[in-house]
Amino acid sequence: MSKSKSIKDVAKVAGVSVTTVSRVLNNRGPISEKTREKVFKAMKSINYTPNEFARALKLNKTHFIGVSVPSIWHPFFSEFVFHIENRLSTLQYNVLICSNNNDKTREIEFLNMVRQNKVDGIIAITYSDIDRYVSAHLPFVSVDRFFTEQVAYVTSDNYWGGKIAASELIRRGCKKIAYIASVAVQPNDTLKRKDGFVDGAKEKNCEFVVYEKKEPINDYAMFFSEFFSKYHHIDGIFVVNDQTTLLLLRELNKMGIRVPEDVQIIGYDAFQYFENFDTTLSSIKQPIKEMAESSVDMLLKIINKEQIPNPVVLPVAFKEGRTTKSLPIYRY
């Protein structure tokens with residue numbers, strides 16, 4: 001068998017020092033693009049593959065980041081993971097994804113990967129009861145969720161988003177508005193959407209109702225049917241997220257209720273089905289790309305023992321679609 005190649009062989013072929021090769025492999029120190037290219041070319045010419053396990057032991061880093069989301073099928077979560085992968089790839093990190101399905105056991109197992117040094121840190125969107133397993137000492141960033149301990153987290157301005165939604169419905173002529181939501185059992189930042197909506201309606205002296213049920217909701221058709229049987233004259237609805245909004249639109253179509261003529265709808269997320277393809281929903285747009293990148297940047301600062309801003313709250317904006325009426329254009 002031929003002797004396995006080492007970084008000494010790479011250095012010899014590239015005409016650089018072993019230290020330079022090491023810096024290129026570990027993405028450390030100032031290295032010119034020309035030198036980097038020479039090293040990679042030498043690696044390819046002698047078929048050299050870095051020993052990732054040995055490198056991880058030496059540096060006490062795996063260059064793997066875990067990302068845990070409730071479901072990779074959900075457009076918001078998949079778009080969030082997409083941007084995280086893009087950000088980490090530019091920083092020479094790999095990604096392990098856990099589609100946790102709100103399974104507490106799976107999430108705890110994933111958290112243990114940090115303790116066992118199988119990943120350098122974790123970014124998580126979680127609604128499970130894992131509070132006592134999460135520590136401020138772990139390299140862990142939460143999204144839209146706070147814990148008992150001072151855990152780093154990134155969120156959008158949920159309160160302001162609720163306020164914007166109420167304002168936009170009222171501006172478009174709604175007289176009786178409602179907030180509809182399925183509510184996670186564990187406290188999280190998304191609950192502020194209701195608070196902002198309620199305060200926004202009160203400030204405008206607009207009649208409003210709040211209609212909520214604890215998750216999981218197994219029959220959304222019944223959920224919406226009960227709402228409309230109880231509240232007949234609602235003409236504007238703010239829904240907790242776009243996924244629930246799409247389910248609502250399907251039921252409204254079955255009931256023969258026209259959108260936006262009979263009732264105007266605003267969701268929350270403004271996710272994309274596919275790249276460069278927006279939904280037609282009017283929605284409160286979360287800065288998903290910025291949330292993902294901020295989560296990555298914050299986690300890497302924690303890993304490198306740097307000081308972090310906490311929490312990171314990112315701005316939201318109204319995205320007009322076809323589920324609300326257009327405002328008249330005034331010409332002066």
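1. Start with Thr-49. Its relative accessibility is 62%, so Thr-49 counts as exposed. Thr-49 sits in the loop between α3 (33–45) and α4 (52–59). Its partner for a distance check is Ile-7. Thr-49 and Ile-7 are 42 residues apart in sequence, and their C-alpha atoms are 9.4 Å apart in space. Keep in mind throughout that this is a predicted model.

2. Next, Lys-41. This residue belongs to helix α3. Lys-41 counts as exposed because its relative accessibility is 65%. Along the chain, Lys-41 and Phe-77 are 36 residues apart. Their C-alpha atoms are separated by 37 Å.

3. Now the chain as a whole. The protein chain has 11 helices and 14 strands. Its C-alpha trace spans about 80 × 50 × 40 Å along the principal axes. Of the 332 residues, 49% are buried. Consider the contacts with a separation of 6 or more: residues 24 or more positions apart account for 69% of them.

4. Thr-20 is a residue of helix α2, which covers residues 18–26. Is Thr-20 buried or exposed? Thr-20 is buried, because its relative accessible area is 17% and the cut-off for buried is under 20%. Apart from neighbours within four places in sequence, Thr-20 is in contact with Ile-31 and Thr-35.

5. Look at strands β1 and β2 together. Strand β1 takes in residues 64–69, and strand β2 residues 94–99. The two strands pair in the parallel sense, over 6 bridges. Within this pairing, Val-67 stands opposite Ile-97 of β2. Helix α5 (residues 75–90) completes the picture: β1, α5 and β2 make a right-handed β-α-β unit.

6. Asp-269 deserves a careful look. The residue is found in strand β9, residues 264–269. Asp-269 is buried, yet has no salt bridge. Which side chain of opposite charge is nearest to Asp-269? That is Arg-193, 4.4 Å away. The cut-off for a salt bridge is within 4 Å, so a distance of 4.4 Å does not qualify.

7. Asp-269 does have a polar partner. The side chains of Asp-269 and Gln-286 are joined by a polar contact of 2.7 Å. Leaving out residues up to four places away in sequence, the residues that Asp-269 touches include His-74, Phe-76 and Arg-193. Asn-241 and Asp-242 are also among the residues touched by Asp-269. So are Ser-283, Ile-284, Lys-285, Gln-286 and Ile-288.

8. Turn to the salt bridges. How many salt bridges does a search of the whole structure find? The search finds 13. A network of salt bridges links Glu-168, Arg-171, Arg-172 and Glu-320.

9. Lys-192 and Asp-189 form one of these salt bridges. The closest N and O atoms of Lys-192 and Asp-189 are 3.0 Å apart. Lys-192 counts as partly exposed, because its relative accessibility is 34%. Asp-189 has a relative accessible area of 3%, so Asp-189 is buried.

10. Lys-194 and Glu-212 are another pair to check. Their side chains meet in a salt bridge, at 3.5 Å from N to O. The pair links distant parts of the chain, 18 residues apart. Lys-194 lies in helix α8 (residues 192–203), and Glu-212 in strand β7 (residues 207–214). Lys-194 is partly exposed, at 24% relative accessibility. Glu-212 is partly exposed too, with a relative accessible area of 31%.

11. Finish with Lys-289 and Glu-293. These two residues form a salt bridge, and their closest N and O atoms are 3.0 Å apart. Where do the partners sit, and how are they spaced? Both are in helix α11 (residues 288–303). They are 4 residues apart there, so about one helical turn separates Lys-289 from Glu-293. Lys-289 counts as partly exposed at 40% relative accessibility. Glu-293 counts as partly exposed at 22%.

Key
Residues numbered from 1 in each chain as written. Predicted model: local features only at pLDDT ≥ 70, side-chain atom pairs only at ≥ 80, totals over all residues. Heavy atoms only, no water. Buried < 20%, exposed > 50% of the residue type's maximum accessible area, 1.4 Å probe, protein only. Lys, Arg positive; Asp, Glu negative; His and termini not counted. Polar contact = N/O pair within 3.5 Å; in protein donor to acceptor, adjacent residues only side chain to side chain. Contact = heavy atoms within 4.5 Å. Pairing = 2+ DSSP bridges. Right-handed = clockwise from strand over helix to strand, strands pointing away.
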